[in-house]
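Colleague: Could you take me through one loop of this model and the sheet around it? I'd enjoy a close look.

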Amino acid sequence: MVTSARTKALDHVFGALADPTRRAILARLTHGEATVGELAEPFAMSRPAISKHLDVLERAGLLHRVPDGRVNRCRFDGAPLRGAHELMEDYRGFWDDQMDKLAGLFEKERKR
Amino acid sequence: MTTQAETLTLKLERLIAAPPQRVFAAWTQPELLNQWSSPAGISIEGGDLDLRVGGHWRVTMRAEDGSTREAFGTYREIVPAKRLVYTHAWHMGDGTTPETVLTVEFRAKGTSTRLLLTQTGFESAESRDGHQIGWSSSIDNLEKLFAEKRA
């Protein structure tokens, strides 16, 4: 079913993003590819600890391991974020409405 | 436009489930630092600190491959339960000791603490990103330490 595949993909993306360390790794990768060794440097984390996070990011499709000689380079892929972004967009109206109400409230206060 | 100094600054924010005096203690007492301050998979081999303005601190970290690296610095500002400013340098093994300055602020938020960490003076974006990964992992440990205690 299309919807369940989409839901599963979203689960993986939000699951991957629900961790400060993984967000930090992604932020690093948006600046360019890196090997596991480079991500672990300088004593940022151990390689096995980094690799566990990379697995989660890879499952969400946010990261691809690209073979480069004897090592893999990690490459960021923003495409899976599209679904997450679309979901957030659905709530944007709610957020804007709340802000309009808040602005209206301040306006009333000011005029009082 | 962002300046280079801004891009080479690391800012992290986290809510920790303990009041500021306890989070400050976790940041300044060796036996507590041992429990959280090294990132995942890295252990603390030793160190010491002299918590007063102008006092020095140092810590040796060990990676799973057995390699070690020492970090060290000097305390610049100590305001208990509120603010801590200190220098942070690494012995890189090639003779260089790149130094950054850390400002850690502890703000009460109900019975918790809003932790604000600012680290300035990185030599490169790569170094800043690496520290962001490391700190995120260490602060995960800190978060868990207090979450377990509260539970």
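Modeller: Happy to. A residue is called exposed if 12 or fewer other C-beta atoms lie within 10 Å of its own, buried if 20 or more do, and partly exposed in between, with C-beta atoms placed from the backbone. With 11 C-beta neighbours inside 10 Å, Val53(B) therefore counts as exposed. This is a predicted model, where local features need pLDDT of at least 70 and side-chain atom pairs count only at pLDDT 80 or more, while totals for chains, interfaces and linings use all residues. Residues are numbered from 1 along each chain as its sequence is written, and chains are lettered from A and ligands numbered from 1 in the order in which they are written.

Val53(B) sits in the loop between β2 (43-49) and β3 (56-62) of chain B; strands are DSSP runs of E, at least two residues, and helices runs of H or I, at least four, numbered from the N terminus. Leaving out residues up to four places away in sequence, Val53(B) contacts Tyr75(B), Arg76(B), Glu77(B) and Ile78(B), a contact being two C-beta atoms, placed from the backbone, within 7 Å. Glu77(B) is 24 residues from Val53(B) in sequence, yet their C-alpha atoms are 5.9 Å apart.

The strands flanking this loop, β2(B) and β3(B), pair antiparallel over six bridges; pairing requires at least two DSSP bridges. Across that pair, Leu49(B) stands opposite Trp57(B) of β3(B). Both strands belong to an open, antiparallel sheet of seven strands in chain B, ordered β1-β7-β6-β5-β4-β3-β2. β1 (10-16) and β2 of chain B are at the edges with a single partner strand each, so one side of each has no neighbour in the sheet.
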